[in-house]
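Visitor: Please give me a close look at the charged side chains and the way they pair. I would like to know who meets whom, and how covered each partner is.

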Amino acid sequence: MVEALNQLRDQIDSVDQQLLSLLQQRINLVHKVGEVKTEHGLPIYDPSREAAMLAKRRGEAESKGVPPQLIEDVLRRVMRESYTSEKDAGFKTINPDLGDVVVIGGHGALGKVFVNMFQLSGYNVKVMGRNDWERADEFFAGAGLVVVSVPIKTTEQIIRQLSTLPENCVLCDLTSVKARPLKAMLDTHKGPVVGLHPMFGPDVPSLAKQAVVYVNGRGEQHYQWLLQQMAIWGARIFPVSAEKHDEAMTLIQSLRHFTSFAYGRHLAELDADLKLLLDLSSPIYRLELAMVGRLFAQNAELYADIIMASNDSVGMIERYYQHFGQLVELIKAGDREGFINNFAEVSDWFGEYSQTFLAESRSLLQQANDNRQG
């Protein structure tokens, strides 16, 4: 039995080595694809090509008796690596006559991401830190784009120091609130103004499929090149008003981060046995716990600024607190019928999205289970 098992394992090892060789060939081809895309200014992420390729591979897998989801899972992971590899080839410079790109706060985590992307795109990038303001005129003299990437609490203060920018220079910020910074930019600078909010953290391997929100301030025709440049990086660009953006962020960021903070605080107060929780957890709880733990592995000041970004954020948290209290009273009363009725109302509100989220979460949960050790 042992000999037969070892022979089969040897054959599996041989197949795995062949897979490695094929992956190496694919990565080499991806590098060549990246060079062609750079030359012609094509985005590294092509959703129609990706969808068509996955559909074709799924069909081929099914005809060979291979589970279609298996090949899709493998290819999606391979493509994620491919996007990172393509990035290394650089990107076409959309606006070669721009002048300097000045990133204020470019030594910070998110600022570094944009410094790197602009450099990969062939722009002359200057990084301006807190000790460089005595040389501000030197930094801004040839600037075609100034990017403000500083903490929320200092964003407006920094913007108000930018009244001497060249008239045609594009001014933008990367802050997670938009209305007040946008107003500050419009009041301070008479040239083109756009508010940006990258909906990702600094640890992303590439910008492929990442969302970037933009809010028009002034002179949209003068910063179209910037939107095109980010699209070439693979980002998905979403226009929205400052008011709509900030309203959405009270739910997407402020409330969501606050609930994670509160749950983490609760676990710490209980001195919960994290190892036991993980050992006994289902994949979905492991993911939820991972997202809470992820928060506390990052910068406390950043999340304090996000959660307390505006009175609207605080108001949304208060409304959640009220709704939470109402549901607690329902549970205390043992009102099972009331719980079921509330559940049904929310289910109806989600509509078809609930089935979409169920399908999306299924693959995430399977991956979380696959990653378990021991």
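Guide: Happy to! Let's agree on cover first: a residue is buried under 20% relative accessible area, exposed over 50%, and partly exposed in between (1.4 Å probe, protein chains only). The model is predicted, so local features need pLDDT of at least 70 and side-chain atom pairs 80 or more, while totals for chains, interfaces and linings use all residues. Numbering starts from 1 along each chain as its sequence is written, and side-chain values rest on heavy atoms, without hydrogens or water.

Over the whole structure, a search finds 17 salt bridges, each a side-chain nitrogen of Lys or Arg within 4 Å of a carboxyl oxygen of Asp or Glu. Three of these pairs make a good tour.

Start in helix 2 (residues 47–63), which holds both Arg-57 and Glu-60. (Helices are DSSP runs of H or I, at least four residues, and strands are runs of E, at least two, numbered from the N terminus.) Here Glu-60 bridges to Arg-57, and their closest N and O atoms are 2.6 Å apart. Three residues, about one turn of the helix, separate the two in sequence. Glu-60 is partly exposed, because its relative accessibility is 30%; Arg-57 is also partly exposed, at 26%.

Next, move to the strands. Lys-126 pairs with Asp-100, with 3.1 Å between the closest N and O atoms. This bridge links distant parts of the chain, since Lys-126 belongs to strand 2 (residues 124–128) and Asp-100 to strand 1 (residues 100–104), 26 residues apart. The two partners fall into separate classes of cover: Asp-100 is buried at 13%, whereas Lys-126, at 25%, counts as partly exposed.

The third stop is Asp-203 with Arg-294, whose side chains meet in a salt bridge of 3.3 Å, N to O. Distant parts of the chain are linked here too: Asp-203 sits in the loop between strand 5 (193–198) and strand 6 (211–218), and Arg-294 lies in helix 11 (residues 283–295), 91 residues away. How covered is Arg-294? Its relative accessibility is 37%, so Arg-294 counts as partly exposed.

Not every bridge stands as a lone pair. Glu-50, Arg-58, Glu-72, Arg-76 and Lys-209 are joined into one network by salt bridges that share partners. To find its members in the view, begin at Glu-50 and look for Arg-58, Glu-72, Arg-76 and Lys-209.
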